[in-house]
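User: Please take a close look at one part of this model, the open sheet together with what packs on it. Add what can be said about the other paired strands and about any buried loop residue beside the sheet.

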Amino acid sequence: MKYTLVSPCHFGLEAVLKNEILEIGGKIELVEDGRVTYSGDEALIARANVFLRTTERVLIQVGRVHAETFDELFEETKKLPWEHYLPKDAKFWVTKATSIKSKLFSPTDIQRIMKKAMVDKMSMKYGIKQFPEDGASYPLRVSFYKDDAIIGLDTSGESLHKRGYRRLVSKAPITETLAAALIMLTPWKKDRILIDPFCGSGTIPIEAALLGLNIAPGLKRNFLGMTWDNIIAEKYWEEAKEEARQIMDTETKLSIQGFDIDSDIINSARQNAKAAGVEEQIHFQQRPVKELTSPKKYGFVITNPPYGERLEEKEAMPALYKEIAEAFKNIPTWSYFLITGYEDAQKYLGRNADKNRKIYNGMLKTYFYQYYGPKPPKRN
């Protein structure tokens, strides 16, 4: 059966997610701010959950509706074919409702009205008034924008950024999905050295290692849709996991390093890398950014330095970014990539980036500054 699927992503990273979806066989239907809509069969639902690195979840789109009043919302929700997705014993509810520039803006009211409409529709189809709701869970997510709503069943359950390895985090961690997307926006390949001098709990180095070894991000975790035998047969999940195991690269030795000034954070990064199964691929070390050096002539820095979000930290930002600029002089032929919310970063780094991409990290506007060094000579 063909399904319409929706996957959200960070604003500014839609093209990265689109390319990922194409690689696993999805057909792109629509690219919007912060999400991609695509189509595929049951196997694609499983593959999307196992293989996509840059989305938070995979939703089955039940419908798109227009509603400016709660009466409209009730009637439009009731029209949707709920019986195609929800068995009699399903536990179903609207787990999250968001609304932007819409007349209906109360999440709790949206959730309540939609639940009532779903019960009414299913009562008509199944011929019962009371539903036990003691079976598998089918949570829904609803997103309103300018009075149009996308209604989707959440096949992922826990957010896909939770790969299962990050048990210990630093003060301002970057999400796994965002880290993976940033790496994919660079020309870094597994045969090149990569250093993150502000590695924190190790997310960027770990995601680079998973990418370099072709380890699927969802290989070691389960998904809510695995309990939906009325929609996705167990064999599709097994096939996706087996495919992930078959394509892993167990031979390559990567050159990835992570530095941080905090020894406790470095220990946390090592434990996270071990949980991800890539501890032998990453060298973590307690070291300040000013000691950033390498005997290698060509390489990559991909990092998430402090933004100065707190007022008391802002005063330290000029000195920090000047220090980063000085450190980069130690590796003049390298390429370096920084994501930061600090507006004056380029000023203190000493030059404008070759490319600058605006990305929203939650509600925080950040910039992905991309500085390209010379390409190394081609090998024979």
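Analyst: What follows takes the open sheet, then the helices on it, then a loop residue, and last a separate set of paired strands.

The model is predicted. Its open sheet holds seven strands with mixed pairing, in the order S10-S9-S8-S11-S12-S14-S13. The edges are formed by S10, residues 282-286, and S13, residues 355-361; each has a single partner strand, so one side of each is left without a neighbour in the sheet. From one strand to the next, the twist averages 20 degrees.

Within this order, S8 (residues 194-196) and S11 (residues 300-303) run parallel and are joined by two bridges. Leu194 has Phe300 of S11 opposite to it.

Two helices that pack on the sheet can be placed by the strands they touch. Helix H5, residues 176-184, is in contact with S11, S12 (335-340), S13 and S14 (364-371). The direction of H5 makes about 165 degrees with that of S13. Helix H6, residues 203-212, touches S8, S9 (256-260), S10 and S11. For H6 the angle is about 170 degrees, taken against the direction of S9. S11 is thus among the strands touched by H5 and also among those touched by H6.

The loop residue to consider is Gln281, which lies between helix H8 (263-276) and S10. Is Gln281 buried or exposed? Its relative accessible area is 13%, and because buried means under 20%, Gln281 counts as buried. Leaving aside residues up to four places away in sequence, Gln281 touches Ala209, Leu213, Thr252, Lys253, Leu254 and Ile256. Of these contacts, Ala209 falls in the residue range of H6, and Ile256 falls in that of S9.

The other paired strands centre on S3, residues 35-40. S1 (residues 3-8) runs antiparallel to S3 and is joined to it by six bridges; in this pair Ser7 stands opposite Val36. S2 (residues 27-32) also pairs with S3 in the antiparallel sense, over five bridges, and Lys27 has Ser39 as its bridge partner in S3. The hairpin of S2 and S3 has two residues between the strands, and Gly34 there takes a positive phi near 80 degrees.

S3 itself is mostly covered, with six of its six residues buried. Arg35, Thr37 and Ser39 lie on one side, and Val36, Tyr38 and Gly40 on the other, so that both faces are covered. The bridge partners named above thus include one residue from each face of S3: Ser39 and Val36.

Technical notes
Residues are numbered from 1 along each chain as its sequence is written. This is a predicted model: local features need pLDDT of at least 70, side-chain atom pairs count only at pLDDT 80 or more; totals for chains, interfaces and linings use all residues. Side-chain values use heavy atoms; hydrogens and water are left out. Two strands pair if DSSP finds at least two bridges between them. Helices (H or I, at least four residues) and strands (E, at least two) are DSSP runs, numbered from the N terminus. Axes are lines fitted to C-alpha atoms, for helices over the stretch in contact, and angles run from 0 to 180 degrees between N-to-C directions. Contact means heavy atoms within 4.5 Å. Buried means under 20% relative accessible area, exposed over 50%, partly exposed in between (1.4 Å probe, protein chains only).
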